[in-house]
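Here are a few short exercises to work through with the model on your screen. Try each one yourself before you read its solution.

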Amino acid sequence: MTPHAHPNPDLLVGEDRRPRWNSAPFRRQGFHNLHLLTRYAQSYRAAQVMDLRPSSEISIAMRDDVRRLTGLPWFSAMAVIEGNRVLYERYAPDFGPDRPHSIMSISKMSANLIIGRLWEDGKLDLSETIGAIMPWIGPGYFGASLQDVLNMNVQNDYDEDCANAEASVFQHEAATGMRLPSGPEPTNRSFLAGINLAMGARDTRNDTGSYLYKSANTDVLAFVAEARGGRPMGQWMADLADAAGLEGALHIATDRQGFPLLNGGICLTARDLCRYGAVLARRGQGIDGRPFGSAAFLQQTQAGGIPMAAPRQHLRYSNQTNTNGVWFGHGGYGGQYMVANPETGRVAAFLSVLDDENGYESGYYPPIISMLSEICATR
């Protein structure tokens, strides 16, 4: 007799065309527990933990923008560190210092560190085409240069419009264990290989004058790193946990084959998110003094990039980071942002969960970015 069964409710796509964990009524619970809800995941612990001791800087807590933004109903956590000092931290009543939180696209900054390391080691040329590195990739990336993929400067038919429930970014979820597929389950590799040129386009050239944000770019870079690095992506994640000196686990979603989701799959505590950012603030150096990323590549990152769209037109998208030429940062779908400033050594992270229908509001981020940038510029 066949047992009765029903689809996993957390991953089942509802009437809003989203899995329950990402539907408006459940999104906060989903972001606070995504390391447990995603279908496939891996976790990594560090051998040595970067010490953090309370050393409050009262002026941060007294800032009007800090009090206003941490008082919003969507707020989860905020933390600021400098070296081994915790200058500020605050948590929502339903969250806490030991709770992992989805950092969504802040995960992409790991690609800067990994590709930068391979570039400095002479294993990658930024002018190479993706097709030359991975002959299996489809036309949406085959002729694109590695540098353009790093800078979100590629045009193809992958769509990141969060207001469109049929967008490619949500189809991508089915290939990475974030929702139940409507048919046969693809792998991340097969999904990426199926991305085509934009309708009517003859190549991947971006003529818009601004970046074209596509999360698929980051996963393409992860496969590039495996192809040229000669080892599984999971080993890079283990090394990242060690380089950052994480206290809790680095949780990362994967596809069914165990390939880590660098585009947005990492979950960390607020303090560990600052430890992760500190690797960039130390210009790619791990807590043991050995390089995980590349200082030279990060210097190029500060100098290069493609203009971002309004309301972030004062920033550039460069090598899987946002930058103003001084700090490195990145946002995450749902309400996350982190800034790491190498000049001051400060890292500031803000975690929240928007509960509107789309989980995204472009005007929500600028005051958060401004606040974190100003706090990280002070010393």
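**Exercise 1.** Work out how the span of helix H12 (residues 270-281) compares with the expected one.

*Solution.* Start with the ground rules: this is a predicted model, where local features need pLDDT of at least 70, side-chain atom pairs count only at pLDDT 80 or more, and totals for chains, interfaces and linings use all residues. Residues are numbered from 1 along each chain as its sequence is written, and side-chain values use heavy atoms, leaving out hydrogens and water.

Next, H12: helices are DSSP runs of H or I with at least four residues, strands are E runs of at least two, and both are numbered from the N terminus. H12 has 12 residues. The expected span is 1.5 Å times one less than the number of residues, which gives 16 Å here. From first C-alpha to last, H12 reaches 16 Å, close to that value. Just after H12 comes Arg-283, with a positive phi near 60 degrees.

**Exercise 2.** Decide whether H12 is mostly covered or mostly open.

*Solution.* Buried means under 20% relative accessible area, exposed over 50%, and partly exposed in between (1.4 Å probe, protein chains only). Go through the helix with that cut-off and 12 of its 12 residues are buried, so H12 is mostly covered. Among them are Arg-271, Asp-272 and Arg-275. For the protein, 57% of the 379 residues count as buried.

**Exercise 3.** Classify the ring pair Phe-75 and Phe-350.

*Solution.* Rings of Phe, Tyr and Trp (its six-membered ring) pair if their centres lie within 6.5 Å; planes under 30 degrees apart are stacked, over 60 edge-to-face, and the rest tilted. That rule finds 15 aromatic pairs. Here the centres are 5.5 Å apart and the planes meet at 45 degrees, so the pair is tilted. Now place the rings: Phe-75 is in strand E3 (residues 75-82) and Phe-350 in strand E13 (residues 346-352), 275 residues apart. Both Phe-75 and Phe-350 are buried.

**Exercise 4.** Do the same for Tyr-213 and Tyr-317.

*Solution.* With 6.1 Å centre to centre and 80 degrees between the planes, this pair is edge-to-face. Tyr-213 sits in the loop between helix H9 (188-193) and helix H10 (216-229), while Tyr-317 belongs to strand E9 (residues 316-318), 104 residues apart. As for cover, Tyr-213 is partly exposed at 22% relative accessible area, whereas Tyr-317 is buried at 0%.
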